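User: I am in my first year and still learning to read protein models. Could you take a close look at a single part and explain how that part sits within the rest?

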Amino acid sequence: MAWREAGKKGIGASFAKVLTRTSPSKTKVSECGVAVKVITASVKYKPESFLNLASQGAGRCNAFTRRSLIRCIHASPVGRRYNDETFGLKTEKKGKYSKKVKTTQPPVEARYVPPKMKKHAKSMHDKTIDIFEGMTAIELAKRIGVSISTVQDILVNAGEKVDSEFDPISIDMAELAAMEVGVNIRRLHLNEGAEVLPRPPVITVMGHVDHGKTSLLDALRQTSVAAKEAGGITQHLGAFVVCMPSGASITFLDTPGHAAFSAMRARGAAVTDIVVLVVAADDGVMPQTREAMTHAKSANVPIVVAVNKCDKPAADPEKVKVQLASEGLQLEEMGGDIQVVEVSAVKKTGLDKLEEALLLQAELMDLKSRFDGPAQAYVVEARLDRGRGPLATAIVKAGTLVCGQHVVVGAEWGKIRAIRDMTGVLTDKGKPAMPVEIEGLKGLPMAGDDIIVVDSEERARMLSAGRKKKIERDRLRKIDEGREEVADSSETEEVIKRVELPIIVKADVQGTVQAVTDALKSLNSPQVYVNIVHVGVGPISQSDVDLAQACGACIVGFNVRNPPSSVTLSATQANIQIKIHRVIYHLLEDMGNLIVEKAPGTSETHVAGEAEVLNIFALTGRSKSKGPDVKIAGCRVIDGRVTRSSTVRLLRSGEVLFEGSCISLKREKQDVDTVGKGNECGLVIGGCDNFQIGDVIQCLEQVIRKPKFISSESGAVRIEC
């Protein structure tokens with residue numbers, strides 16, 4: 001039978017031989033079918049392939065059916081004894097079983113390291129959108145980048161009724177929704193349907209320190225403000241209205257020229273229409289002159305150059321013009337459009353030409369603004385008055401500012417209690433291009449904030465709270481980002497240990513506080529970190545002394561009156577330094593010296609002296625108690641001094657052979673500590689006896705080098721380590 005013959009051949013016999021075997025004895029079809037199906041089930045191939053082989057090899061095995069094969073596969077237990085390796089197929093072997101070892105020790109607690117979040121190309125905090133009055137909720141949602149349902153939920157929570165996504169919403173509600181999401185906004189005020197009338201120009205006077213900016217304004221308005229300035233330099237941002245001889249009214253902004261007041265100059269360029277660049281004819285273009293040109297170009301404001309001090313013998317206006325042209329200014333005399341006027345503030349010459357140039361530039365610009373409707377204003381300066389509270393000096397850009405209106409200034413709000421012009425006279429309203437001083441705010445705003453008028457006190461409170469919340473959120477985010485940067489840098493490089501110098505800054509106005517703070521931060525060095533723990537406007541009080549005592553800070557007062565005797569006594573008892581100055585030069589110099597004194601310094605190795613080997617003496621045959629044999633170098637000190645406690649270095653032909661400590665130094669058989677220049681001595685270097693006549697022995701000492709305080713002519717200061 002076929003099954004017996006397959007068993008005799010063994011299961012390793014070729015399947016083709018079994019199927020193609022021809023025997024005189026007749027094999028039954030059913031037996032062939034069983035044989036084929038058994039092998040098929042073992043190899044796990046499709047039955048159809050085996051049927052083809054069977055039909056080719058055995059002529060009688062062509063009557064197989066799928067039903068008979070399925071029915072016959074379980075009929076024979078023979079196929080269960082064979083594995084896949086019999087037919088050359090690889091099977092996946094099971095791994096060796098290993099018993100799990102039970103441990104009684106608790107698992108090791110590894111420190112959790114959170115995964116680093118991937119920074120998006122542009123996060124929500126860096127995104128700025130434009131909003132305007134009457135925009136729809138769906139348009140606001142598209143600009144913010146959130147769903148319409150999110151915007152509707154925020155508006156409903158804020159008390160705004162939104163029936164449809166196409167309903168217009170107020171600009172205040174749009175700002176609240178954007179701040180809640182965390183997006184920065186820029187308000188766009190449309191003048192459609194409003195009355196637009198000509199307005200006076202706003203002109204900012206900029207230039208280098210001591211080039212005569214305030215003197216030029218004094219000559220125009222016939223005052224003497226420059227003589228009253230501390231140190232003879234301007235340290236505040238002032239706004240004035242000057243009635244020119246022709247009858248025209250011009251608003252001037254006087255900016256300080258010192259390097260520390262860069263932010264003030266930037267604010268002046270942002271709110272102005274024309275920049276008057278004052279350059280001294282005897283000094284030429286200086287660093288702050290270039291900075292003023294940069295501010296004007298970034299604000300896209302036209303420039304009129306006033307070459308001052310032309311009455312001096314060393315004046316050279318033509319040289320100044322060449323320098324300005326080399327800086328990129330296209331002057332009229334050279335085919336450009338920038339007017340240049342030669343003036344003298346002392347002799348009051350050329351003022352009429354300067355007035356004519358300014359009015360001509362203003363006429364070319366065709367300055368117009370909206371006079372009706374709510375006002376838009378810009379805070380130039382802010383200060384704290386003892387009797388009237390927070391005061392903000394502002395310039396109205398559009399609309400009319402009226403007493404009794406509710407305003408939001410930055411993160412602060414209030415109801416305007418009084419409006420005064422720059423001469424201190426009370427007025428009912430402030431019109432475009434008019435500098436005014438408003439009082440009635442609940443807190444002191446920052447210089448550079450915008451003033452917006454709202455409908456009610458509730459709306460003002462809501463906007464102020466939302467802005468404060470966003471400012472705090474941004475502050476915490478910056479702190480977290482700073483910590484991440486410090487952590488990343490500490491992984492790659494070693495962090496330099498620095499001494500911290502905490503400082504409390506008090507000044508007379510908000511803009512000066514910012515300028516002094518920025519100037520002190522510029523004194524940071526690798527050795528001393530200037531930490532501004534608190535800033536404020538107003539005189540130094542007992543609370544400032546308590547805060548300084550808690551954190552070990554130094555109190556800096558700028559343009560403030562001397563503190564009361566009780567505050568001074570409390571600071572003296574707590575060993576707290578109070579430094580009060582009225583001139584920015586003296587303040588920066590004093591704080592620079594304090595930082596240099598506070599710095600730990602860097603340790604450096606210096607050559608204190610050199611000695612030449614003249615002879616060599618050997619001490620041999622010493623007892624064990626005195627130690628092994630030694631060699632003494634007889635030397636003469638040729639430079640500096642040689643000290644026994646210092647490290648010495650042996651040089652031969654300029655190459656260092658050995659460096660170690662001096663264990664013995666004698667002069668005329670007496671142990672000494674120091675040998676000066678020109679004297680002879682004998683010394684022993686521990687662990688070194690390879691002396692030769694003519695060798696040089698250097699004496700090394702460690703020196704602590706302190707950083708240096710450097711001040712440039714332009715007023716810029718830095719600490720050089």
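Analyst: What follows begins with how far the model can be trusted, turns to one strand and its partners, and ends with two single residues.

This is a predicted model, and the mean pLDDT of the protein is 75, with 73% of its residues at 70 or more. Confidence is lowest in helix α3 (residues 29-43), where the mean is 41, and highest in strand β14 (residues 406-409), where it is 92. Over residues 224-233 the pLDDT falls below 50, although this stretch has 16 contacts in the model beyond near neighbours in sequence; residues 490-495 are also below 50, and that stretch has two such contacts. Where pLDDT is low, the predicted coordinates should not be read in detail.

As for the setting, the protein has 18 helices and 34 strands, and buried residues make up 42% of its 721 residues. Among contacts with a separation of 6 or more, 70% join residues that are 24 or more positions apart.

The part chosen for the close look is strand β11, which spans residues 376-385. Seven of its ten residues are buried, so β11 is largely enclosed by the rest of the structure. It pairs with strand β12 (residues 389-398) in the antiparallel sense over nine bridges, and with three residues between them the two strands form a hairpin. Within this pairing, glutamate 381 has threonine 393 of β12 as its bridge partner. Strand β11 also pairs with strand β19 (residues 450-454), again in the antiparallel sense, over three bridges, and here glutamine 376 stands opposite isoleucine 452.

Two residues outside β11 show how burial and contacts can be read together for a single position. Serine 464 lies in helix α14 (residues 457-492), and it counts as buried because its relative accessible area is 2%, which is under the 20% cut-off. Leaving aside residues up to four places away in sequence, serine 464 touches Ala411, Glu412 and Trp413.

Proline 502, in turn, belongs to strand β20 (residues 499-507), and because its relative accessibility is 9%, proline 502 counts as buried too. With residues up to four places away in sequence again set aside, proline 502 touches Asn531, Val533, Cys551, Gly552, Ala553 and Cys554. Proline 502 and isoleucine 555 are 53 residues apart in sequence, while their C-alpha atoms are 8.9 Å apart in space.

Terms used: Residues are numbered from 1 along each chain as its sequence is written. This is a predicted model: local features need pLDDT of at least 70, side-chain atom pairs count only at pLDDT 80 or more; totals for chains, interfaces and linings use all residues. Side-chain values use heavy atoms; hydrogens and water are left out. pLDDT is the predictor's confidence in each residue, from 0 to 100. Helices (H or I, at least four residues) and strands (E, at least two) are DSSP runs, numbered from the N terminus. Contact means heavy atoms within 4.5 Å. Buried means under 20% relative accessible area, exposed over 50%, partly exposed in between (1.4 Å probe, protein chains only). Two strands pair if DSSP finds at least two bridges between them.
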